[in-house]
Amino acid sequence: MTIDLRKTAIAALAALSLVPAAAAPAHALGKKDKAFIAGAATAAVAGVVMQNMRANGQWPFGQQRPRYAAPPAQPQYYVQPRATYATTAPRQVTYQPRYVAPSVHSTPAAQAFRELSPQMRREVQISLARYGYYSGSIDGAWGPGTSAAVDAYARESGRIGQLGSVAGAYSVMDSLGG
């Protein structure tokens, strides 16, 4: 008795397609329910097809005989590795100090500026802007713009040496109105 694979697959698919229609109306099934039913029907049809192929000798998988590897001619034993140590002496490391430019916030001028009242800080920035050295916002905060403006003002007024100390920076700020 030969089973026609095509007829069996069509019959199984037709039978499975009638099951969900009889169980519930189509509009009551959600998207996931329909996908589940389609997957179950596909699995059932695929199972029947594979079973028929195995029964008819048409199954292409699993018909080869297993191949075994021959054991090695000589037994192999584990040999623990030996520790190896460096034979050269460690080289001496010398550290070279690196020059790091001071931050604009750590200068004596910055310290003098921070000790001024907020109103005096804004007056210093207003004076620097009036003289054309400062173009930032008048916020009373010490930053790169204020630092560069104070340096430029002190350089052009011949007071650049005074910015090296807090007392000298105070005199520069006083000359600006702070």
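Contact is taken here to mean heavy atoms within 4.5 Å, and helices (H or I, at least four residues) and strands (E, at least two) are DSSP runs numbered from the N terminus. The structure is a predicted model, in which local features need pLDDT of at least 70 and side-chain atom pairs count only at pLDDT 80 or more, whereas totals for chains, interfaces and linings use all residues. Residues are numbered from 1 along each chain as its sequence is written, and side-chain values use heavy atoms, with hydrogens and water left out.

The chain contains six helices and zero strands, so that the order of elements from the N terminus reads α-α-α-α-α-α. Of its 178 residues, 19% are buried, where buried means under 20% relative accessible area, exposed over 50%, and partly exposed in between (1.4 Å probe, protein chains only). The accessible surface amounts to about 14,100 Å², with 58% of it belonging to carbon and sulfur atoms; these areas come from the Shrake-Rupley method with a 1.4 Å probe, and for residues only the protein chains shown count as cover. When contacts between residues at least 6 apart in sequence are considered, 48% join residues at least 24 apart.

UniProt, in an unreviewed entry, lists residues 120–153 as "domain: Peptidoglycan binding-like"; the positions are given in the numbering used here, feature names are shortened, and annotations may be inferred rather than shown by experiment. Over residues 120–153 the chain is 62% helix and 0% strand, and the C-alpha atoms at the two ends are 17 Å apart. Glutamine 125 lies in helix 4, which spans residues 118–130, and is buried, its relative accessible area being 0%. With residues up to four places away in sequence not counted, glutamine 125 touches Phe113, Tyr134, Ser137, Ile138, Asp139, Gly140, Ala141 and Thr146.

Aromatic pairs were searched for over the whole structure, and three were found; rings of Phe, Tyr and Trp (its six-membered ring) pair if their centres lie within 6.5 Å, with planes under 30 degrees apart counted as stacked, over 60 as edge-to-face and the rest as tilted. Tyrosine 131 and tyrosine 153 form a stacked pair, at 6.0 Å centre to centre and with 5° between the planes. This pair links distant parts of the chain, since tyrosine 131 is in the loop between helix 4 and helix 5 (144–156) while tyrosine 153 is in helix 5, 22 residues apart. Tyrosine 131 is exposed at a relative accessible area of 52%, whereas tyrosine 153 counts as buried at 12% relative accessibility. The rings of tyrosine 133 and tyrosine 153 have centres 5.8 Å apart and planes at 75°, and the pair is therefore edge-to-face. Here too distant parts of the chain are linked, with tyrosine 133 in the loop between helix 4 and helix 5 and tyrosine 153 in helix 5, 20 residues apart. Tyrosine 133 is partly exposed, with a relative accessible area of 24%, and ring pairs link Tyr131, Tyr133 and Tyr153 into a cluster.

Two packed helices are described by the angle between their axes and the distance between the axes. Helix 5 and helix 6 (residues 166–175) pack at an angle of about 90°, with their axes 11 Å apart, which makes helix 5 roughly perpendicular to helix 6. The axes are lines fitted to C-alpha atoms, for helices over the stretch in contact, and angles run from 0 to 180 degrees between N-to-C directions; angles of 65 to 115 degrees count as roughly perpendicular, under 35 as roughly parallel, over 145 as roughly antiparallel and the rest as oblique. At this packing, Val150, Tyr153 and Ala154 in helix 5 meet Val172, Met173 and Ser175 in helix 6.

Helix 6 also takes part in an approach to helix 3 (residues 108–114), where proline 108 is placed. Proline 108, partly exposed at 23% relative accessibility, has its C-alpha atom 6.7 Å from that of alanine 169, although the two are 61 residues apart in sequence. Neighbours within four places in sequence aside, proline 108 is in contact with Leu163, Gly164, Ser165, Val166 and Ala169. Histidine 105, in the loop between helix 2 (31–56) and helix 3, is partly exposed at 42%, and its C-alpha atom is separated by 7.2 Å from that of glycine 143, 38 residues apart along the chain. Glycine 143 belongs to the loop between helix 4 and helix 5 and counts as buried at 13% relative accessibility.
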